[in-house]
Amino acid sequence: DSNGRLWFGTNGGGISCYDGQSFKNYTTEQGLPNNTVWSIAGDKKGNVWIGTLGNGLSLYNGKTFRHITAEQGLPGVTIVRIFEDRNGNMWFASYDNGVSCYDGKSFKNYTVQQGLLSNQVYSIAQDKKGNMWFGTNEGVSCYHAKKFTNYTPKDGLPASPVFCITEDKKGNMWFSTLGGGISCFNGNSCINYNTSNGFLSN
């Protein structure tokens, strides 16, 4: 987080915070909505966002936990990934309800109805140009100028789903897939790497 602490989510045991010397643990007894945690991210304000399995989000301000669900506008209850963009907006990838952007006041939700490739979203990234990238069950969606451009195996991706996305120093986008190895997208086409050309595993 912004204070240099490391946070760890567990499968049923809550979360653990390591400050470099010792661990401090948090469970439903301290205010977590669920002890199974799938994602954690700190924001620039010092808050820690926690995505759970089946119980939405929890926002920890250093003292207390605040539970965030559909009542506040969050569309999904299982949060797979949390990401803060360069403008301080928080993005949340859900397992079955697309992605949601929180600007500090309200949520704006994006699903297949708005052009997202799939409502099952596993990864989030932002490139140097400010475009948002989402790895989904069906491939990759890029959000730019208030619209989505989608990329699937038909467009050169080796496989789907896409679990991780990152940008290299040259501006290429890299995607890791399930069963198809990795792919490098230069803005026009994909170069794929798998066991057939030296990659360790698909």
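Modeller: A residue counts as lining a pocket when it has an atom within 4 Å of one of the pocket's grid points. The model to which this is applied here is predicted.

Colleague: Which residues of the second largest pocket lie nearest its centre, and how many line it?

Modeller: The lining of the second largest pocket consists of 14 residues, and Asp 43, Lys 45, Trp 49, Gly 88 and Gly 104 are the ones nearest the centre. The volume of this pocket is about 190 Å³.

Colleague: What makes up the lining of the second largest pocket by class?

Modeller: Four residues of that lining are nonpolar, five are polar and five are charged. Gly counts as polar, so Gly 88 and Gly 104, both named among the residues nearest the centre, belong to the polar class. By the same rule Asp 43 and Lys 45 are charged, and Trp 49 is nonpolar.

Colleague: How much space lies in the largest pocket, and which residues are nearest its centre?

Modeller: The largest pocket holds about 290 Å³ of space. Its lining has 16 residues, with Asp 127, Lys 129, Asn 131, Trp 133 and Gly 187 nearest the centre. By class, five are nonpolar, six polar and five charged.

Colleague: Which strand gives the largest share of the lining of the largest pocket?

Modeller: That share, three residues, comes from β15. Both β15 (147-151) and β14 (140-144) supply at least two lining residues each.

Colleague: Why is Ser 183 called buried?

Modeller: The term requires a relative accessible area under 20%. Ser 183 has 0%, and is therefore buried. This residue is found in strand β18, which covers residues 182-185.

Colleague: What makes the pairing of the side chains of Ser 183 and Asn 192 a polar contact?

Modeller: The cut-off for a pair of N or O atoms is within 3.5 Å. The two side chains come to 2.6 Å, so the distance satisfies the cut-off. Asn 192 is also one of the residues in contact with Ser 183 beyond four places in sequence, and others include Leu 157, Trp 174 and Cys 190.

Colleague: What is the helix and strand content of the chain, and how do you know that the chain is as compact as a globular protein of that length?

Modeller: The chain has zero helices and 19 strands. Its radius of gyration is 17 Å, close to the 17 Å that the globule rule gives for 202 residues, and the chain is therefore as compact as a globular protein of that length. The C-alpha trace spans about 50 × 35 × 30 Å along its principal axes. Of the 202 residues, 45% are buried.

Methods. Residues numbered from 1 in each chain as written. Predicted model: local features only at pLDDT ≥ 70, side-chain atom pairs only at ≥ 80, totals over all residues. Heavy atoms only, no water. Helix = DSSP H or I, 4+ residues; strand = E, 2+ residues; numbered from the N terminus. Buried < 20%, exposed > 50% of the residue type's maximum accessible area, 1.4 Å probe, protein only. Polar contact = N/O pair within 3.5 Å; in protein donor to acceptor, adjacent residues only side chain to side chain. Contact = heavy atoms within 4.5 Å. 1 Å grid on protein atoms, 1.4 Å probe; cavity = no way out; pocket = protein on both sides within 12 Å on 5 of 7 lines; lining within 4 Å. Points joined across faces, edges and corners; volume = space filled by probe spheres on them. Rg over C-alpha atoms; globule rule 2.2 N^0.38 Å.
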